[in-house]
Amino acid sequence: MIKDRQRKFSFRRQTALLLTGALLAGLLPLGTVTKSRAAEQPALRNPRILKTTQEVAPGSAGKKELKNPTTENGITTWDCIWFGNYWQEDTNGDGKADKKDDKTPIKWRVLSVEGDDVFLLADKNLDCQKYNDTDTDVTWETCTMRSWLNGYGAEANKDGRDYSDTNFLDQAFSSEEQTAVKTTNVVNHDNPEFGTEGGKDTSDKVYLLSIDEVTDPVYGFNSSDDSDSTRQAVNTAYVAGGGEINSGDMGSAGSVDVWWLRSPGDISDNASRVDYDGYVNAYGHYVNSDCDAARPALHLNLSSASSWSYAGTVLSDDVAEWECIWFGNYWQEDTNGDGKADKNDAKQPIKWRVLSVDGDDAFLLADKNLDCQKYNDTDTDTSVTWENCTMRSWLNGYGGEINKDGKDYSDSNFLNNAFSAAEQSAIKTTNVVNDDNSDYGTDGGNNTSDKVYLLSIDEVTNPQYGFNSSRGVYAESRRVLNTAFAKGQGAWTSTSEECAGNGYWWLRSPGTYSSSASYVDYYGYVDTDGCNVISNILAARPALHLNLSSTSSWSCAGTVTSDGKVEEPGAATPSPTPETTRKPQETVAPGKTAQPDNTEKPGAATPSPTPETTQKPQETVAPGKTAQPDNTEKPGASVTPVSSDPGKAAIGKVSALKLKQKKHTMTVSWKKLTGAKGYQICYSTSKKWKGKKQKLVSKNKAVIKKLKKKKTYYFRVQAYRLEGKKKVYGAWSNMKKIKIKK
């Protein structure tokens, strides 16, 4: 390190002598030496989608050689074809998708191809159908689903229902197309987890996938039964409208929903399914449930079918690329080698992703979760919004009059800890638009004017910023690593193979009720139900607008992609600015250790307001619109870093929530969580949790009794640990719904 500094000093000295000589000789204009380094940076670009679903219009590409699924960096790509037609969209403009509309071409994913034989799975959930029409013990061989898909008569199913006149096969394919659909020997294994009998093998043209098939990497799926985007499927508008059985419990068009598997569930009157999040639910759902989708599969003889055409490719997730810059400094890693990352370490340059750039205005989001902070310091019976929460005050250094708790952050805040006075002057004040929660109508509060803030639900689902547009998808574009400092402050950090190092991060949008806030989980799922505002395991991932031309301390930091590729030229050392007398924080490339410079005083100097920075606030705008830049400046306060106690280990999010129904009783179970003292179960007949009931249990299983028949119930679970006698809760599990049998 000493030799490196000597080399840097020698280089700078030689450069200074050369420049001085050039100036004296009149070879360089006087302005060259003081030119802003920001002006020398290459132009920044908006985010780019490198890989995404490429759809080819039906019939336009003709026939094309098809490929097996490929998986690279966790992203699966399937070739697709158009084949057959089915009701899917509202084509007549009457406001609903039903059988009065025209059928449109069906898109299929290619799971495997061998010569002329291609194994296909519907790209979307195509219909809503019960696995069996009545509640009884069945297998794939005897269920009505099989008969409805293939047009079998009454003798083929246990209920004795005749589907020869009304069925999927006849409604989706012409006579010629049906000839090209192969009859497959469908192998029906027992349930691998519970041993429930799978029944005899069958011979069918159309069928559903099994547990074994949806966990087979050869077909492009994740080999684990855990939540995964490779298995997620969205509804067509026809399914959202209730489909064949006119269900009233299906998700909206374009949203992910549950779909049946042919494998049995844990008991003989349950069938397995894939849940919203791509989790393979081997417990399953009762066979006469009317809120599960049909996603058909079949084998096609390509050479004997003249009506199919290439449909492009589908990805399990888009691959986005962001340009990045270095700007500001914050505690992030263990730089002094004492085994922990805290405020005794040297600050390191902050890396930001460029969400958009318009001239000199750059909209930035921290590349990693930088700190762990409650959305609001205390739990309150009254509404907490972005306007009056303590998170906003902590990020911006506001006084006690701004937040509901009356807590003063003017001496200890993110803004002053991360940026010098000159850097703060270059951060624009933004008009932050705080919309209501669109799922639940929860009040978003008044708009605010802030330098630093959190993203909203709308912003984190905006493809123009590089994000996946679906909230329900486990999108890699929204996954983010915790810094060691954030983890040390209590941020929950995933240890799973797929998401190792990822954390949850707060959004500013409200959750399902007034004391909760939305967030993004470690899989990249946008949880609009939200988490209690006092949760201390979620991280802060700040966003801001920067005036690139008004500061010389930013530098290019290469690019990052959502599938994990990083191209980084190394961190540039921020240049000292005339407004401060302290030396710049030493900058190191991520992964290397910096030696703290003891000649530098910690903290940022207090900036003075200047006439040049008095403008209107920057406004956040709806996707596709352009915000007008503004530089209204609010002076910050100087701060001296203080030590922090991260407290006890945080509690993570409950996963693998399972529901098993018997009459009007529900058995609720989930994966045991390390460090949990107990769990809280919440259930309601309202998706907005109106009239909810809650139950505390010590084990990861509970029985809920006296549920009302014919009602749909929503369930979620959160874990808690104890601090003395106080319960400290983790994040809610993903919500699951189930309809009580008649």
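In which sense do strand 2 and strand 18 pair, and over how many bridges? In this predicted model, strand 2, comprising residues 54-55, is joined to strand 18 in the antiparallel sense, and the pairing extends over 2 bridges. Within this pairing, Q54 lies opposite T313 of strand 18.

Strand 18 spans residues 309-315 and is mostly covered, with 7 of its 7 residues buried. Strand 18 also pairs with strand 4, which comprises residues 75-87. This second pairing is again described as antiparallel and is made over 6 bridges. Here D79 is the residue that stands opposite T313 in strand 18. T313 therefore faces Q54 in the one pairing and D79 in the other. In general, side chains in a regular strand alternate between the two faces of the sheet.

A separate description applies to the sheet containing strand 35. This sheet is open and is formed by 3 strands in the order 35-36-39, with antiparallel pairing. Strand 35 (658-662) and strand 39 (701-704) occupy the edges; each has a single partner strand, so one side of each is left without a neighbour in the sheet. From one strand to the next, the twist averages 20 degrees.

Strand 36 covers residues 665-669 and runs antiparallel to strand 35, to which it is joined by 5 bridges. In this pairing, Q661 is found opposite M666 of strand 36.

Terms used: Residues numbered from 1 in each chain as written. Predicted model: local features only at pLDDT ≥ 70, side-chain atom pairs only at ≥ 80, totals over all residues. Heavy atoms only, no water. Buried < 20%, exposed > 50% of the residue type's maximum accessible area, 1.4 Å probe, protein only. Helix = DSSP H or I, 4+ residues; strand = E, 2+ residues; numbered from the N terminus. Pairing = 2+ DSSP bridges. Axes fitted to C-alpha atoms, helices over the stretch in contact; angles between N-to-C directions.
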